[in-house]
Amino acid sequence: MFIKRGLVREYLKYIVPTMLTFTLVSIYSIVDGVFVGHAVGDAGLAGVNVAYPLVQLMTAVATGIGMGGGVIASINVGKGDPAAARRAMGTTFSLLLIVAIPLMVFAIFLSHPIAYLLGGRGETLEQAVHYINAIMLGAPFQIIAAGCLPLVRNKGKVGYAMAVSMTGGIVNVFLDWLFVMVLGWGTAGAGWATAASQLVSFVMCALFFARPANRIARTDFKPQGFVVAHILKLGIAPFGLTLLPEFTVIFINNSAVIHGGELAVAAYAVIAYVACIIQMLIQGIGDGSQPLISKKYGAGDYDNVRRLRNTNYVATYSIALMGVAVVYLARNEIPLLFGTSPDAAALVAWAMPIFSLAYLFFAYTHASTSFFYAIDNARSSTALVCGEAILIAPCAFGLGALFGLNGVWIAPACVQAILCVLAGTLMHRNSRKQ
């Protein structure tokens, strides 16, 4: 039971641009690693990978707040209550402004202990600190821009959201080339390039909401306690989905350095970058269809809600299977893109197909999580996110202790397999209620 023919065009209107947006964002994030890997070497590449979970923390906070507000706004539009939708959007803006500056100050002043905690050691630690101190200069712009994009999509302007991401990404690529390769500013240069690109994205979002048709009344910016609580409750899951890949990076990095040293961390940097593309494509399907699912749910159209969910599963599994195939076929060529050493490249070619098995389970668990928060079921979506956060550490370190580096590489697949059981149980319970 999949979406009806009359809904296909609208469905594609939402998910295709969002998938492209998420893919471009993941590719642009890889660009830092590509330029730094060629200009600085394995230590620079590993340093960017070690620091990147902190960057994703900023994005996750913004995405959680933005998606929470966007879901509430869309559900209220479906219910025919535009005033409540505007209040949700105004409160979302206020929350983004409140968290932006404190997070930037926290990251800059504690960059060294944070990088150490994330798995940085020796030269890798030094490079990670350089990257953090530079990229955090643009953290407020990143938070506000990333939080605005779900609101833009929920207003039906999916193409503009994609344009914001594309423009910021193009600026990032150009400045990476200029700062890292031409001017020789190394890892810090990559961070400054990303910070500048976030400023560009922020300006584009500000211009969008400055238009009379999109402008939010001043009174709607005043945070209301019950709206704030609802946004934060719904935002936990999208926050977790955005951050969990990097949460995985933290524990895999720490386990990899135990069993394989800095060479294993450098190899995992490449593996994680490629995994990010597959994961973002899958996430793009879930988040892209969210405005449509939320509106149908708010209107009480549960038949189309179920059809959209099932169609999402087909789409995410298709992406996962293609990802596994591409990773296996290109396992020897992918490390060359990052300028890795021969030893690191050999390790990548061996480990990447093992790691890619996680995609097959990820397709179901993360599509389910996105569906749950789209229908305002925060309890189920949060359970899946918390389950993944709880499982990754014991799996990464436990399997590493039992099987060495091979255990580290298979750990994410084991985590996702367990979560599939939980997701299926929660989905069955949810289906019985409708």
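Cys420 is buried, its relative accessible area being 16%. In this predicted model, no disulfides are present. Cys414 accordingly takes part in none, and the nearest cysteine sulfur to it, belonging to Cys395, lies 5.9 Å away. Cys420 is likewise in no disulfide, with the sulfur of Cys414 as its nearest cysteine sulfur at 12 Å. In contrast to the buried Cys420, Cys414 counts as partly exposed because its relative accessibility is 29%.

A nonpolar patch of about 800 Å² is found on the surface, formed by Leu137, Phe174, Trp177, Met181, Val182, Leu183, Trp185 and Trp192. Helix α7, which spans residues 158-182, supplies the largest share of this patch, with 4 residues. Trp177, one of the patch residues, is located in helix α7. With a relative accessibility of 43%, Trp177 is classed as partly exposed.

Helix α5 comprises 14 residues, from 122 to 135. The distance from its first C-alpha to its last is 21 Å, close to the 20 Å expected at 1.5 Å a residue. The buried residues of α5 are Thr124, Leu125, Gln127, Ala128, Val129, Tyr131, Ile132, Ala134 and Ile135.

A backbone feature was identified at Asp376, where phi is positive, at about 65°, although the residue is not a glycine. Asp376 belongs to the loop that lies between α13 (358-374) and α14 (378-403). Its relative accessibility is 29%, and Asp376 therefore counts as partly exposed.

Note on methods
Residues numbered from 1 in each chain as written. Predicted model: local features only at pLDDT ≥ 70, side-chain atom pairs only at ≥ 80, totals over all residues. Heavy atoms only, no water. Patch = residues over 30% accessible without salt bridge, like charges linked within 9 Å, V, L, I, M, F, W, Y side chains within 5 Å. Areas by Shrake-Rupley, 256 points an atom, 1.4 Å probe, with all protein chains shown as cover. Salt bridge = Lys/Arg side-chain N within 4 Å of Asp/Glu carboxyl O. Helix = DSSP H or I, 4+ residues; strand = E, 2+ residues; numbered from the N terminus. Buried < 20%, exposed > 50% of the residue type's maximum accessible area, 1.4 Å probe, protein only. Expected span 1.5 Å × (residues − 1). Disulfide = S-S within 2.5 Å.
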